[in-house]
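Please open the model in your viewer and keep the sequence panel beside it. The stops below go from the whole chain to single side chains, with a selection to make at each one.

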Amino acid sequence: MEWRDSFLDLVLIPLSLLLPMAYHAWLWREIRLRPLRTAAGINAAARRLWAAGMMKDNAKNAVTVVQSVRNVIMGSTLMATTAILFCTGIAAVLSSTYTVKKPLSDAVFGAHGEYMMALKYVALLLVFLFAFLCHSLAICFLNQASFLINTSGCLIPSSGGDPSGDGGGLQLPSAREYIEEVLERGFTLNLVGNRLFYAGVPLLLWIFGPLLAFLSAMVMIPILYNLDVVDLKGHNGCVVSANKSAETTKANGTTGECAHAV
């Protein structure tokens, strides 16, 4: 009888987790192969151009850099605070002597025993803890990127003159790439933290039954697809750089994959 009660949970909950994971695996592949077909790829390219422009004339753009990065940090701070508040509330429920399954026992489809309810809350706790961790790391990387961009004049050798600078700089030839990488890591962690936060929605509805969790996961996939994929007519989404042209093997008569130059 206990196994029959858990049948829906054993079938629908793994599907609710595997479908979003498969979607994000596909999205990661699209970002790698055709970045300009995805919002994440376009935003990453725009951020690199923005960082290069800010570093080119940093004396005038220093305040703009601080204000722009601060806005993103405020969003990450809000999400991190919300995630840790969820963790605190779940921990309070777990440590409470009140049996939370009693009011739901007649309305929940699937298993609703003490072990299953504890599993639901622990899964929620882990998801929001990882979301908090990603947002916290994003704040650290974004703060570091703000400092690096505003000190890029000392880190990046000037095109003319003595490469040793004015005597006080570090003069790293690859500093531009490093600064852009630090900035990109901050935004990537912010994106991962947001997606983990969204993953908490099906798990939150799992408290009321696996059917709601499965339906919410199914609804979220088309919503995320419309947010992530950009339909550019006449463009295959490949990147063309100044030194290397993005090649499509379709033009060579094979498949339609795209090898882009970053």
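Among contacts in the chain between residues at least 6 apart in sequence, what percentage join residues at least 24 apart? In this predicted model, the share of such contacts that join residues at least 24 apart is 72%.

**The whole chain**

Colour the chain by secondary structure, and you should find eight helices and two strands, which follow one another along the sequence as α-α-α-α-α-α-α-α-β-β. If you then colour by accessibility, 34% of the 262 residues count as buried.

**Helix α2 and its aromatic residues**

Select residues 7-33, which make up helix α2. With 27 residues at 1.5 Å a residue, α2 should span 39 Å, and its end C-alpha atoms are indeed 39 Å apart, so the two values agree. Show the side chains of the buried residues of this helix, which are Asp9, Leu12, Ile13, Ser16, Tyr23, Leu27 and Glu30.

Now keep Tyr23 and add Trp26, with which Tyr23 forms a tilted aromatic pair, 6.0 Å from centre to centre and with 35° between the planes. The two residues are separated by about one helical turn, because they stand three residues apart in α2. An α-helix has 3.6 residues a turn, so residues three or four places apart point the same way. Tyr23 counts as buried at 7% relative accessibility, whereas Trp26, with a relative accessible area of 29%, is partly exposed. Adding Tyr225 to the selection completes one aromatic cluster with Tyr23 and Trp26.

From Tyr23, move to Arg195, which is found in helix α7 and is buried, with a relative accessible area of 16%. Leaving aside residues up to four places away in sequence, Arg195 touches Tyr23, His24, Leu27, Leu224 and Asp228. For one of these partners, Leu224, the distance to Arg195 is 9.6 Å from C-alpha to C-alpha, across 29 residues of sequence.

Return to α2 and select Leu17, which has its place in that helix and counts as partly exposed at 41% relative accessibility. Which separation in sequence and which distance in space lie between Leu17 and Phe214? Leu17 and Phe214 are 197 residues apart in sequence, yet their C-alpha atoms are 8.6 Å apart in space.

**The largest nonpolar core**

Next, select Ile90, Leu124, Phe128, Leu203 and Trp206, which touch the most other members among the 19 residues of the largest nonpolar core. The elements that give two or more residues to this core are α4 (58-95), α5 (114-150) and α7 (175-206), and α5 gives the most, with nine residues.

Centre the view on Phe128, which counts as buried at 3% relative accessibility. Apart from residues up to four places away in sequence, Phe128 touches Ala83, Phe86, Cys87, Ile90, Phe197 and Gly200. A second, separate core holds 15 residues, including Ala51, Ile139, Ile149 and Ile179.

**Other ring contacts**

The structure holds five aromatic pairs, and the next one to inspect is Phe86 with Phe128. The ring centres of Phe86 and Phe128 are 4.7 Å apart and their planes lie at 10°, so this pair is stacked. Because Phe86 lies in helix α4 and Phe128 in helix α5, the pair ties together parts that are 42 residues apart in sequence. Phe86 counts as partly exposed, at 32% relative accessibility.

For a charge over a ring, select Arg47 and Phe187: the charged end of Arg47 sits over the ring of Phe187, 4.2 Å from its centre.

Then pick Leu49, which has its place in helix α3 (residues 39-56). Is Leu49 buried or exposed? Leu49 is exposed, with a relative accessible area of 66%. Leu49 and Glu180 are 131 residues apart in sequence and 9.3 Å apart in space, C-alpha to C-alpha.

**The annotated spans**

Finally, select residues 6-28, 78-98, 118-142 and 203-225, which the unreviewed UniProt entry annotates as "transmembrane region". Residues 6-28 are 96% helix and 0% strand, and their end C-alpha atoms lie 33 Å apart. Residues 118-142 are 100% helix and 0% strand, with end C-alpha atoms 36 Å apart.

How values were computed: Residues are numbered from 1 along each chain as its sequence is written. This is a predicted model: local features need pLDDT of at least 70, side-chain atom pairs count only at pLDDT 80 or more; totals for chains, interfaces and linings use all residues. Side-chain values use heavy atoms; hydrogens and water are left out. A nonpolar core is a set of buried Ala, Val, Leu, Ile, Met, Phe, Trp, Tyr and Cys residues joined through side-chain atoms within 4.5 Å. Buried means under 20% relative accessible area, exposed over 50%, partly exposed in between (1.4 Å probe, protein chains only). Helices (H or I, at least four residues) and strands (E, at least two) are DSSP runs, numbered from the N terminus. Contact means heavy atoms within 4.5 Å. Rings of Phe, Tyr and Trp (its six-membered ring) pair if their centres lie within 6.5 Å; planes under 30 degrees apart count as stacked, over 60 as edge-to-face and the rest as tilted. A charge sits over a ring if NZ of Lys or CZ of Arg is within 6 Å of the ring centre and within 35 degrees of the ring normal. The expected span of a helix is 1.5 Å times one less than its number of residues. UniProt positions are given in the numbering used here, feature names are shortened, and annotations may be inferred rather than shown by experiment.
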